[in-house]
Amino acid sequence: MSIKVLLLGCGLIGREIARDLTRNGEFLVIALDKESSNLNELSGIAGISPHLVNINDREPFANLALDCDIVVNALPSFVGFSALQSVIELGRDIVDISFFGEDPFSLDALAKEREVTAIVDCGVAPGLSHILVGKACSQLEVVKKIRIYVGGLPRTPEPPWYYRAVFSPIDVIEEYLRPARMILNGHAISVDPLDEVERIEIDGIGNLEAFTSDGLRTLLTTIKAEEMLEKTLRYPGHLSMMRALRDAGLFGHEPPLVNGKEVPPIDVLAQLVFPKWKLQEGEEDLTFLRVIVDGIQRGKSKLFTFELLDRYDTENNVTSMARTTAYTATSAVRLITNGIYSESGVCPPEYLGMHPPSCEAILSFLRERNVLIRECVE
């Protein structure tokens, strides 16, 4: 009998999660979304049962969740935490890729009480980045520095934006607004993400700009290091435009009064700009991830470097961001359903990296899907 998975959210990433889970008939996916256009993309695919349901419609959502074995949360950040909490309250294991601002560990006691395994932040970064950090740190007695560089980018940058949104545009904006936490000299600090921009050259891509982003999340409490940061990569020209829009107040949620009407600036931006950020037909994207972990092993310096450069799947017309995010999440689903990982509570990805059977299973699963990570140890 197929394992039933309830999928919350069927956007670009959610749809590939559904396709991957049903590819070999191993899972039956109950796909839930409030937008019929997203569900239509999954129409006619064997093993996928679409349901037009809003997550806020408590009764139909709860009935679907209780009828499934495990849940995947692929909703946008602004509803991600409440959805995670609801699933845990219902006693269902969950893999979560939503980039919410709340502390997932605030639900740890509830998850343990309900005997729920809740793997959170299970995308690319956070997600795969943290798995690799966990793998390296588990081999070190002292962790000195952790640096993460990540970017989901169009293959060819086009003016004026020099960017295409390969996941929820609202969550892209969050990266420019949310104070970026980092560790410097052993102490946690927060910085404005767009205050300092670093130039970086990446083989196979070219010149990029890197800004400090708030993707460390659980690593800030689970790993002790002297220095720790994450930087997100964009093509030159994009960040200066985002800074101008932000400083002009166009990312704001407070509605000004204009001609007797109140409309939040972010809603106007969403209507006018977000459609221009969509990958156009035939456009390709790429995903780059570099994780560097520096520390001490048996009294000697040890440097781990992991690197991923993934490109659009032209054969199956799947974006690189959908591939790398979805397959990290679906590998975690298999960890739980195959009994490889069964710890109750909130589980950040670094815990999987520190658990050799889980780490190897995930990396092996990604290799099978041609998501290849190069590892160098010095």
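The questions and answers below concern the overall build, the cysteines and the unusual backbone geometry of one predicted model.

In this predicted model, local features need pLDDT of at least 70 and side-chain atom pairs count only at pLDDT 80 or more, whereas totals for chains, interfaces and linings use all residues. Residues are numbered from 1 along each chain as its sequence is written, and side-chain values use heavy atoms, with hydrogens and water left out.

User: What is the radius of gyration of the chain, and what does the globule rule give for 378 residues?
Analyst: The chain has 13 helices and 18 strands, where helices (H or I, at least four residues) and strands (E, at least two) are DSSP runs numbered from the N terminus. The radius of gyration is taken over C-alpha atoms, and the globule rule is 2.2 Å times the number of residues to the power 0.38. The chain is as compact as a globular protein of that length, because the rule gives 21 Å and the radius of gyration is close to that, at 20 Å.

User: What percentage of the 378 residues is buried?
Analyst: A residue counts as buried under 20% relative accessible area, as exposed over 50%, and as partly exposed in between (1.4 Å probe, protein chains only). By that cut-off, the buried share of the 378 residues in the chain is 54%.

User: How many disulfides does the chain have?
Analyst: A disulfide is a pair of cysteine sulfur atoms within 2.5 Å. For Cys 68, which is buried at 3% relative accessibility, the nearest cysteine sulfur is that of Cys 10, 12 Å away. Cys 359 is buried at 5% relative accessibility, and its sulfur lies 12 Å from the closest cysteine sulfur, in Cys 137, which is too far for a bond. By this rule, the number of disulfides is zero.

User: Which residue does a cis peptide bond join to Pro 159?
Analyst: Most peptide bonds are trans. One cis bond runs from Ala 125 to Pro 126, with omega near 5 degrees, and Pro 126 sits in the loop between β6 (117-119) and α6 (128-137). In the loop between β7 (142-154) and α7 (169-177), a cis bond with omega of about 5 degrees joins Pro 159 to Pro 160.

User: Which residue in the loop between α13 and β18 has a positive phi?
Analyst: Most residues other than glycine have a negative phi. Tyr 162, not a glycine, has a positive phi of about 55 degrees; this residue lies in the loop between β7 and α7 and is partly exposed at 28% relative accessibility. In the loop between α13 (356-368) and β18 (373-377), the residue with a positive phi, near 65 degrees, is Asn 370.
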